Amino acid sequence: MAESGARQGNAHIPAARGRGRSHDETMTPGAHSGRPAAAEAVRRTGLLVTLVLGGLTALPPLSMDMYLPALPAVTESLHAPATTVQLTLTACLAGMALGQIVVGPMSDRWGRRRPLLLGMTVYVVATVICVFAPTAELLIGFRLIQGLAGAAGIVIARAVVRDLYDGVEMARFFSTLMLISGVAPVVAPLIGGQVLRFTDWRGIFAVLAVVGLLLTLVVWKWLHETLPPGDRHTGGFGDALRTMRGLLADRVFAGYMIAGSLAFAALFAYVSASPFVMQEIYGASPQTFSLLFGINSVGLVVVGQINGKLLVGRVSLDKALAFGLSVIVLAATALLVMTSGIVGQVGLVPIATALFVLMSAMGLAMPNTNAQALMRTKHAAGSASALLGTSSFLVGAVASPLVGIAGEDTAVPMAVVQLVCGLGALACFLGMCRPWQRAS
């Protein structure tokens, strides 16, 4: 069950524990006694650890989005219907969601390195097979495996952050990871487009395989084990299920998890609907849309960095989170008013402005929900990270198709989905997390 005396998720918590450990320290029962030296080692390799975890976090969006410009070419090359080729994206996304549920508990039992290295190795092999896939069905199958294996990077990166940091420092590190994960989906289609200038769609998978191999080697060489044997779970699959059930029974953890998932769903609704809304309804050119998409991503990243560098340590994480969720609700309300015609016809600029505000507020909502949830789960960071990631992907996948439910002539469904998700996130935060009861 979740710890009854779980730490409170506020900025009043002492600063980072800095629990980085060498291989030898984590493979002996006395690992805890070497914590001061290990903390110094983490400080010396802090930038390297950031880059490695950032790379692991960025690989899944790269795997999804680098491939987008090549979809028409895949349809022609494999002589498959467009709907079948679209399943290659669905399979990869489903694999990323389900894989986290498997890998998270594995990392709590066997440590972070072994499941991560296994997942990265399988990712590379599956990606290489995608390079040579002769049929769409085989490509779909190995895209599913690619997603399942790539999920190891997402879930274990979060668990490693939980192993190394606590309180304020953990929130700051999540904001740094958001910088990387926020940039990756923006640059991925651009990279994919450039790769297609020199090769075909198979070359994109070849590039992903090389990136995966390099990341695997870097993890093997430089990312030390962060979970000592004394902190690992010894049970089997049943114990893992009981651990997850205990986490879900923790009302506060579940509140942060659901709030973060609904915020992520609002972002997913934007990603799914914005190309159509901006270009088909409000007349933006492809170049203008790309510019606006990039500006919104920059807003998310910048606010995430403001959260990590300026707010954390000065303002409680719950206050920053409450403000971010409130801004999402207000921006979504403005979008609904404008898209429904209540205030008459509006142009592209007001819509783009409201979307910019909504996306920027994600820089407060997403890192702080992760930090607050994981702050309660030192005993099961891998399982907790798996639940956080899987719930976000699943809720986002459910919300995404709803944005087109009313056809191609209105942006109202996008605004409705975003408003419902924003209100739901705020309600879960206030009703389940009840930050005023834990404020010191």
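How far is the sulfur of Cys130 from the closest cysteine sulfur, and in which residue does that closest sulfur sit? Let's start there and then visit a few other spots in this predicted model.

**Close-up 1. Cys130 and Cys92, two cysteines without a bond between them.** The closest cysteine sulfur to that of Cys130 belongs to Cys92, and it lies 8.4 Å away, too far for a bond. A disulfide is a covalent bond between the sulfur atoms of two cysteines. A pair would need its sulfur atoms within 2.5 Å to be counted, and the count for this model comes to 0 disulfides. Cys130 counts as buried because its relative accessibility is 0%. Cys421 is also a buried residue, at 7% relative accessibility.

**Close-up 2. Phe264 and Phe268, a tilted aromatic pair.** The whole structure holds 8 aromatic pairs, and Phe264 with Phe268 is one of them, with 5.0 Å from centre to centre and 45° between the planes. Both residues belong to helix α11 (residues 251–281), where they sit 4 residues apart, about one turn of the helix. Phe264 is buried, with 15% relative accessibility, and Phe268 is buried as well, at 16%.

**Close-up 3. Tyr270 and Phe293, a stacked pair.** Here the ring centres are 5.7 Å apart and the planes meet at 15°, so the pair counts as stacked. Tyr270 comes from helix α11, whereas Phe293 comes from helix α12 (residues 286–311), so the pair ties together parts that are 23 residues apart in sequence. If you look for these two side chains in the model, expect both Tyr270 and Phe293 to be buried.

**Close-up 4. Tyr67 in an aromatic cluster, with Arg143 over its face.** Three residues, Tyr67, Trp201 and Phe205, make up one aromatic cluster. Tyr67 has a charged companion too: Arg143 lies over the face of its ring, at 4.5 Å from the ring centre.

**Close-up 5. A nonpolar patch on the surface.** Our last stop takes in Val210, Leu213, Leu214 and Leu217, which together make a nonpolar surface patch of about 360 Å². Val210 can be found in helix α9 (residues 201–222). Is Val210 buried, partly exposed or exposed? Val210 is partly exposed, because its relative accessible area is 48%, and the range for that class runs from 20% to 50%.

Definitions and conventions: Residues are numbered from 1 along each chain as its sequence is written. This is a predicted model: local features need pLDDT of at least 70, side-chain atom pairs count only at pLDDT 80 or more; totals for chains, interfaces and linings use all residues. Side-chain values use heavy atoms; hydrogens and water are left out. Rings of Phe, Tyr and Trp (its six-membered ring) pair if their centres lie within 6.5 Å; planes under 30 degrees apart count as stacked, over 60 as edge-to-face and the rest as tilted. Helices (H or I, at least four residues) and strands (E, at least two) are DSSP runs, numbered from the N terminus. Buried means under 20% relative accessible area, exposed over 50%, partly exposed in between (1.4 Å probe, protein chains only). A charge sits over a ring if NZ of Lys or CZ of Arg is within 6 Å of the ring centre and within 35 degrees of the ring normal. Patches are made of residues with over 30% relative accessible area and no salt bridge: like charges are joined within 9 Å, nonpolar side chains (Val, Leu, Ile, Met, Phe, Trp, Tyr) within 5 Å. Accessible areas come from the Shrake-Rupley method with a 1.4 Å probe; for residues, only the protein chains shown count as cover. A salt bridge is a side-chain nitrogen of Lys or Arg within 4 Å of a carboxyl oxygen of Asp or Glu.
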